[in-house]
Amino acid sequence: MQEIPSPSPSTARDVAESAGERRGIQSIEVGGSLLSALVREGKPMMLKDLAREAGMPAAKAHPYLVSFGKLGLVEQDALTGRYGLGPFALQMGLTALHGLDPIKAALPEAARLADDIDLNVAIAVWGNHGPTVVHIAECSRQIHINMRPGTVMTPLLLSATGRVFAAFLPQRIVAPILADESAAVSAPPLEMSTGDVQAVLDEIRTHRLARALGNPIPGIHAFSAPVFDGGGQLALALTAMGPVGSVDPDWAGATASRVRAAADAIERQLGKPAD
């Protein structure tokens, strides 16, 4: 009978990893729980509190903190004895943030949102000529909307997407544009006074959402949410749109809630701190 050779260690490891059983270094994972606790807390901590949050005895946590201190991942205040994140941890975070691409982070969330609420979802960024659509995730049904990548959403106050940028971009950028659009704002289909404009922008900031009901496309409702990056700057707008009967127009309705949740998910990927 022919002997069947047993798999080599490397082959066995490859099989295990291909099955999702990737082998790690347990001590690194244990020590990582201390770093995670510092990130969650957001401020320096005493050893006993830090160890408790990481789920280990203080005596076990201390050697990890000594090693992390040598690497610059944590530092201990000489006066208070509290541990906080160190300069190398900050450098790592900044490097990661600089490498993030907001649009890349938004693409899968936009697709999931379109499937979830069965509406078209657009991603828009601030371009040379104003809010510019860079991607549209289409849902499973046909929605006839005259919008495609490259569409510039102006006047700002005419659409939910434009209103997000009007409300959340720095005033030094937005104010001159709104002043130039004053004629359009005071004429159909907007017909908004200066007081009306301010009320709309205040409402958007309160809800962290913009909506446009029947404008600029009759019969189409839209909700748009701002997406901020790790530095708190507006990165893009995420807009869901569809026929009147398929969009819940309420600020606290299902459509608004799901758009806001998708924007929040993108922000977490971009490193924006929790509110």
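1. Arg-260 counts as buried in this predicted model, its relative accessibility being 10%, and because the cut-off for buried is under 20% relative accessible area, the assignment follows directly from that value. The side chain of Arg-260 meets that of Asp-264 in a salt bridge, with 2.9 Å from N to O, and Asp-264, at 24% relative accessibility, counts as partly exposed. Both residues belong to helix 11, where they are four residues apart, about one turn of the helix.

2. The pair should be read together with its neighbours in the salt-bridge list. Arg-260 and Asp-264 are linked with Arg-208 and Glu-267 in a network of salt bridges, and a search of the whole structure finds nine salt bridges.

3. A second pair within one helix is found in helix 6, which spans residues 102-117 and holds both Arg-112 and Glu-109, three residues apart, about one turn of the helix. Their side chains meet in a salt bridge at 2.8 Å, N to O. Glu-109 counts as buried at 12% relative accessibility, whereas Arg-112 is partly exposed, with a relative accessible area of 48%.

4. Which residue forms a salt bridge with Asp-116? The partner is Arg-258, and the closest N and O atoms of the two are 3.7 Å apart. Asp-116 lies in helix 6 and Arg-258 in helix 11 (residues 254-269), so this salt bridge ties together parts that are 142 residues apart in sequence. Asp-116 is partly exposed, with a relative accessible area of 45%, and Arg-258 is likewise partly exposed, at 39%. A reader checking this contact may wish to keep in mind that a salt bridge is counted within 4 Å, and that the N and O atoms here are 3.7 Å apart.

5. Turning to internal space, a search of the whole structure finds one cavity of 30 Å³ or more, and the largest cavity has a volume of about 110 Å³. Helix 7 (160-168), strand 6 (220-228) and strand 7 (234-243) are the elements that give two or more residues to its lining, and strand 6 provides the largest share, three residues.

6. The lining of the largest cavity comprises 14 residues, and those nearest its centre are Met-147, Ser-159, Pro-216, Ala-222 and Met-241. What is the make-up of this lining by class? Nine of the lining residues are nonpolar and five are polar, while no charged residues are present.

Notes. Residues numbered from 1 in each chain as written. Predicted model: local features only at pLDDT ≥ 70, side-chain atom pairs only at ≥ 80, totals over all residues. Heavy atoms only, no water. 1 Å grid on protein atoms, 1.4 Å probe; cavity = no way out; pocket = protein on both sides within 12 Å on 5 of 7 lines; lining within 4 Å. Points joined across faces, edges and corners; volume = space filled by probe spheres on them. Nonpolar A, V, L, I, M, F, W, Y, C, P; charged D, E, K, R; others polar. Buried < 20%, exposed > 50% of the residue type's maximum accessible area, 1.4 Å probe, protein only.
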